[in-house]
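Reader: I would like a close look at one part of this protein, followed by a walk outward from there into the rest of the fold. Please take your time over it, and be careful to say how far the model can be trusted.

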Amino acid sequence: MPDFWGDRDRIVRSRERILSGEPALSSLRVPIVNSWHRCQSMGVSPDAALAPPYQPQLDLTGRLPRAAAPVLEQVESQVAGARVGVILADRDGVILRCRAGERALYKHLDAVCLAPGFTYREEYVGTNGIGTTLEERRAFQVFGAEHWVDRLHPFATVGAAVRDPLSGHLEGAIGLVAWCAEYPAMTATLAEAAEAVEQQLLEQYTERERSLLQRFLRAQNGERAAVPDVELDLAAADRGALTENDIILLREKAAELMSTARATVERVPLSRGQLATLVCLPVSGPQGADEGVAVKVSLSTEAAQGRTTATADGTGQSPAQGAPPGPRDGPLPAAGVPVPGGREWEQERHRTAPTAAAAPAQAPREWLLSVGHRDMGRLALAARERLALLYDAGVWIGTALDVTRTAEQLAELVVPRFADFVTVDLLEAVLGGDDPIFADLPLHRAALGSRYTDPPFDPVGARVSFASSAPQARAFADGEAVLEPDLRAVPEWRSQDPDRVGRILRYGIHSLIAVPLRTRGVVLGLASFYRSQESGAFDEDDLHLAEELMARVAICVDNARRFTREQTIALSLQRSLLPGVLPEQTAAEVAHRYLPAEIGMGGAGGDWFDVIPLSGARVALVVGDVVGHGMHAAVTMGRLRTAVHNFAALDLTPDELLGRLDDLVMTIDREESARPGGGDVVGATCLYAVYDPVSQRCAAARAGHPPPAVVRPDGSVYLAELPGGPPLGLGGFPFEAAELHLPEGSQLVLFTDGLIEDRDWDVDFGLEQLRRALAHPDRSPEQTCEAVLRALPGARSSDDVTLLVARTRALGAEHTASWDVPSTPETVRDVRAAAVRQLAEWGLDDCSFTTELLLSELVTNAVRHAHGPIQVRLLRDRALICEVTDGSSTSPHLRHAAATDEGGRGLFLVAQLAQRWGTRYTHEGKVIWTEQPLHPADAAGPLA
């Protein structure tokens with residue numbers, strides 16, 4: 001067992017994180033976190049004084065207190081002298097019994113209102129062994145600081161659910177509470193006690209079966225004297241003759257035979273080559289009328305089955321013996337009702353059984369299997385069907401974590417097994433994943449199940465409201481299930497809504513159960529079950545089943561709602577971090593698509609893309625993918641996208657940019673690992689490409705990412721041969737860039753692996769589908785995106801998809817001018833003159849003065865401070881771009897010159913005259929560039 005007491009600080013920190021809206025530490029048990037969220041949503045304060053509701057009048061004569069009393073007395077004797085209390089609570093959480101093994105413990109229990117009469121549900125006292133067991137409807141343990149309320153931290157509480165063994169309905173809970181320690185084997189002790197209480201509940205059903213057993217024995221033995229009472233013992237079976245599965249099968253068959261209306265016989269093959277013959281015989285009452293049924297079983301080998309036949313009166317007869325079988329070897333446990341097997345039974349059996357000498361040598365072994373009323377057989381069958389329905393609900397419903405799909409699963413499950421029609425109506429806030437703050441009509445129809453065509457109900461998607469007198473409206477308003485066995489007996493509803501009620505009655509619908517979907521004190525919606533035509537009316541047992549079923553469904557719907565909300569928040573965050581409108585640039589025509597993963601597959605992921613204008617009319621195209629889904633992936637994606645923007649502003653080469661991004665991911669990993677309780681490891685891939693429209697060349701590098709696809713102007717498609725780098729975050733591996741020649745009109749297609757990967761095919765098939773979709777060079781990027789997404793991704797893709805398509809443009813010679821400049825001061829004048837002539841040729845005379853000033857400063861700096869060849873280039877794009885290239889790697893820096901300084905003002909002047917300016921490095925040196933508007937009058941600068 002973990003040291004829950006020593007981990008108190010860690011658990012308290014987790015609770016503080018939940019109170020502040022942050023996720024709990026991953027080391028905390030998930031059921032405890034779920035309970036804490038429920039307590040927080042119900043407004044239970046951790047530091048509040050405990051004041052649960054108190055009921056002074058307790059019914060201690062009911063089924064549960066009577067069945068639990070002998071069991072709890074035995075448990076109390078086991079814990080005598082220990083600081084451990086034994087608790088019994090009903091299904092509403094009201095404590096019926098609380099006794100401590102040590103008297104000193106009572107003052108601690110009274111201090112937290114752990115005493116008979118107080119209601120210990122989560123909504124009043126937070127997470128605890130009793131209340132959380134009733135909420136979860138299963139055994140639950142809470143230790144120390146795992147309790148939501150501070151005042152319960154000194155305790156360890158363990159609870160176990162107690163159910164009716166026939167109906168499966170939750171009757172209450174028993175629990176153990178220990179002070180400042182765990183009592184040894186608390187969970188095991190409580191599980192045994194809960195099973196014993198359920199056995200006591202089962203025996204309460206057998207009182208009238210005892211009298212039937214007495215009558216049957218008298219009739220079988222020809223005795224008129226009273227047969228002494230016997231003790232019922234499930235362990236009385238001849239375990240050597242039958243396996244556990246054999247016994248279960250025989251009990252089920254016996255229950256079916258008991259529910260029939262006549263004497264009958266049935267043969268059942270068993271394990272070990274045995275054959276069981278079950279004979280159902282009536283048991284007469286004092287007046288001779290049939291009051292019950294007895295089921296006997298005889299065992300023989302498979303080889304002997306030809307010698308056993310069924311007669312018309314339902315008795316089994318063997319031709320070799322010529323006599324009906326009688327009781328020989330004692331009883332076998334009953335089906336639904338146990339049969340006697342104690343000492344007194346053995347005495348009675350030996351007193352009445354035939355002698356061994358009178359028994360045929362080859363007679364099969366025979367037992368009395370079950371005695372009971374026919375109603376008990378029908379009850380056992382009905383209980384089995386209800387338990388099967390609840391089991392299937394636990395397995396089937398809630399697997400999709402989607403609100404609408406969960407409602408549809410309910411409809412598919414209960415029709416026609418439980419109802420002929422079902423409607424599931426939810427609050428619109430629930431469908432959107434929001435908290436249902438205002439539980440008010442109208443509702444939104446989320447699912448409709450029907451056994452017949454053309455049901456008389458509003459379709460799925462309709463807004464539904466009910467008259468105030470309608471059973472559905474009462475159930476929704478009161479938060480309690482409503483049973484209407486006969487809809488014709490609800491005149492007030494018919495008078496308020498005659499059209500709807502008339503339509504329902506004309507269809508043959510006659511019975512209704514309306515159950516609110518209620519969990520954690522909040523109503524989420526309403527389910528209505530209907531029966532029609534030959535189906536019998538709903539009864540109280542059906543009402544209890546519907547309540548139990550909807551309690552489970554409500555939790556599933558609420559879990560799906562919470563998951564939807566978290567995924568919606570993550571998706572909204574991710575979309576806010578992705579580009580809303582692509583920036584203006586002329587290097588390429590770009591279109592993009594982003595498809596988040598389905599909610600059931602994880603929702604929002606870590607895919608991102610970007611289009612970043614760079615200096616020199618170039619453009620950077622980026623696609624990346626952070627491992628995982630949800631909020632953490634979206635936040636990490638935003639951090640990496642911001643980093644790529646910053647690194648791109650430095651005009652780094654693709655391989656150098658990925659190297660710095662790799663360092664950043666490793667830093668994030670170290671930060672996450674240093675957090676309390678650890679954190680998720682960050683993994684990411686990225687493809688970074690820079691296209692230059694002047695040279696029509698593209699430099700690209702990738703880190704664990706699929707290479708881009710290239711569509712040539714002639715329609716041929718190929719995957720670019722880029723060196724494959726490792727994913728980001730591994731460190732220690734260099735990245736390598738490669739250059740591609742992209743003629744004007746080529747398409748560069750960047751994508752994430754979610755586009756080509758699917759659980760039904762391999763990656764090569766996905767790539768081939770992509771090639772076929774791209775082999776149309778006449779399409780625009782928008783049309784290409786649509787065509788690709790029609791072919792991909794597959795129907796079973798579990799990842800989000802990002803697609804970025806760029807059709808390249810070229811900046812021709814008519815838009816560029818360049819000059820080689822000698823490293824002499826006199827050349828500055830020549831450069832200015834050449835630039836003015838070129839601007840006049842382009843019709844940009846308004847830019848001449850500013851351009852002369854900029855080039856004078858930049859060329860003069862290159863002549864004075866740099867070395868190597870100097871080149872000047874003008875580009876006419878969206879802006880007028882001036883570039884001065886030299887062989888030096890030293891970058892100038894902007895500074896404030898003092899009043900007495902002779903220099904240092906040139907770059908300040910450049911910064912004032914240009915819209916943007918900067919430096920980028922090349923393999924031969926550096927380029928200092930400036931941008932200015934083509935029409936200065938439309939964008940007045942700071943000096944205007």
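Where is the place of Gln533?

Author: The place of Gln533 is in the loop between strand S17 and helix H17, the latter covering residues 540-577. This is a predicted model, and what follows should be read in that light. Phi of Gln533 is near 50°, which is a positive value in a residue other than glycine. Most residues other than glycine have a negative phi. Gln533 has a relative accessibility of 39% and therefore counts as partly exposed, the band between the 20% and 50% cut-offs.

A companion to this residue is found at Arg520, in the loop between strand S16 (509-519) and strand S17 (522-532). Phi of Arg520 is near 55°, again a positive value in a residue other than glycine. Arg520 has a relative accessible area of 8%, so it falls under the 20% limit and is buried. Strand S17 is thus flanked by two loops that each hold one of these residues, Arg520 in the loop between S16 and S17 and Gln533 in the loop between S17 and H17.

Two peptide bonds also deserve a look. A cis peptide bond joins Val415 and Pro416, with omega at about 5°, and Pro416 is found in the loop that runs between helix H12 (403-414) and strand S12 (421-426). Another cis peptide bond joins Leu792 and Pro793, with omega at about -5°, and Pro793 is found in the loop between helix H21 (781-791) and strand S28. Most peptide bonds are trans.

Strand S28 leads from that loop into a sheet. Here 5 strands form an open sheet in the order S18-S28-S27-S23-S24, and the pairing is antiparallel. Strand S18 (588-595) and strand S24 (717-719) stand at the edges with a single partner strand each, so one side of each is left without a neighbour in the sheet. From one strand to the next, the twist averages 15°. Within this sheet, S27 and S28 (residues 801-808) pair in the antiparallel sense over 5 bridges, and the bridge partner of Leu750 is Leu804 in S28. Helix H20 (residues 763-774) packs on the sheet, where it touches strand S23 (709-711), S24 and S27, and the direction of H20 makes about 140° with that of S24.

Another strand pairing can be followed at the level of side chains. Strand S22 (residues 697-703) and strand S26 pair in the antiparallel sense over 4 bridges, and the bridge partner of Ala699 is Glu739 in S26. In a regular strand the side chains alternate between the two faces of the sheet. Strand S26 (residues 738-741) shows such an alternation, with Ala738 and Leu740 pointing to one face and buried, while Glu739 and His741 point to the other and are not buried.

Helix packing can be described for two pairs. Helix H3 (residues 63-78) and helix H7 (residues 186-203) pack at an angle of about 145°, with their axes 8 Å apart, and the crossing of H3 and H7 is right-handed. Residues of H3 that meet H7 include Leu64, Ala67, Ala68, Val71 and Val75, and among those they meet in H7 are Ala193, Ala196, Val197 and Leu201. For helix H22 (residues 827-842) and helix H23 (residues 848-865), the axes come within 9 Å and cross at roughly 150°, and H22 passes H23 in a right-handed crossing. The contact between H22 and H23 is made by residues including Val828, Val831, Ala835 and Leu839 of H22, together with Leu855, Val859 and Val863 among those of H23.

These parts belong to a protein with 24 helices and 33 strands, in which buried residues make up 51% of the 944 residues. Among contacts between residues at least 6 apart in sequence, 67% join residues at least 24 apart.

As for trust, the protein averages a pLDDT of 81, and 82% of the residues score at least 70. Confidence is highest in strand S27 (residues 747-751), at a mean of 97, and lowest in strand S9 (residues 309-310), at a mean of 36. Two stretches call for care at the bench: pLDDT stays under 50 over residues 223-239, for which the model has 44 contacts beyond four places in sequence, and pLDDT likewise stays under 50 over residues 303-363, for which the model has 115 such contacts.

Notes. Residues are numbered from 1 along each chain as its sequence is written. This is a predicted model: local features need pLDDT of at least 70, side-chain atom pairs count only at pLDDT 80 or more; totals for chains, interfaces and linings use all residues. Side-chain values use heavy atoms; hydrogens and water are left out. pLDDT is the predictor's confidence in each residue, from 0 to 100. Contact means heavy atoms within 4.5 Å. Two strands pair if DSSP finds at least two bridges between them. Axes are lines fitted to C-alpha atoms, for helices over the stretch in contact, and angles run from 0 to 180 degrees between N-to-C directions. Buried means under 20% relative accessible area, exposed over 50%, partly exposed in between (1.4 Å probe, protein chains only). A crossing is left-handed if the near helix is turned anticlockwise from the far one by less than a right angle, and right-handed if clockwise.
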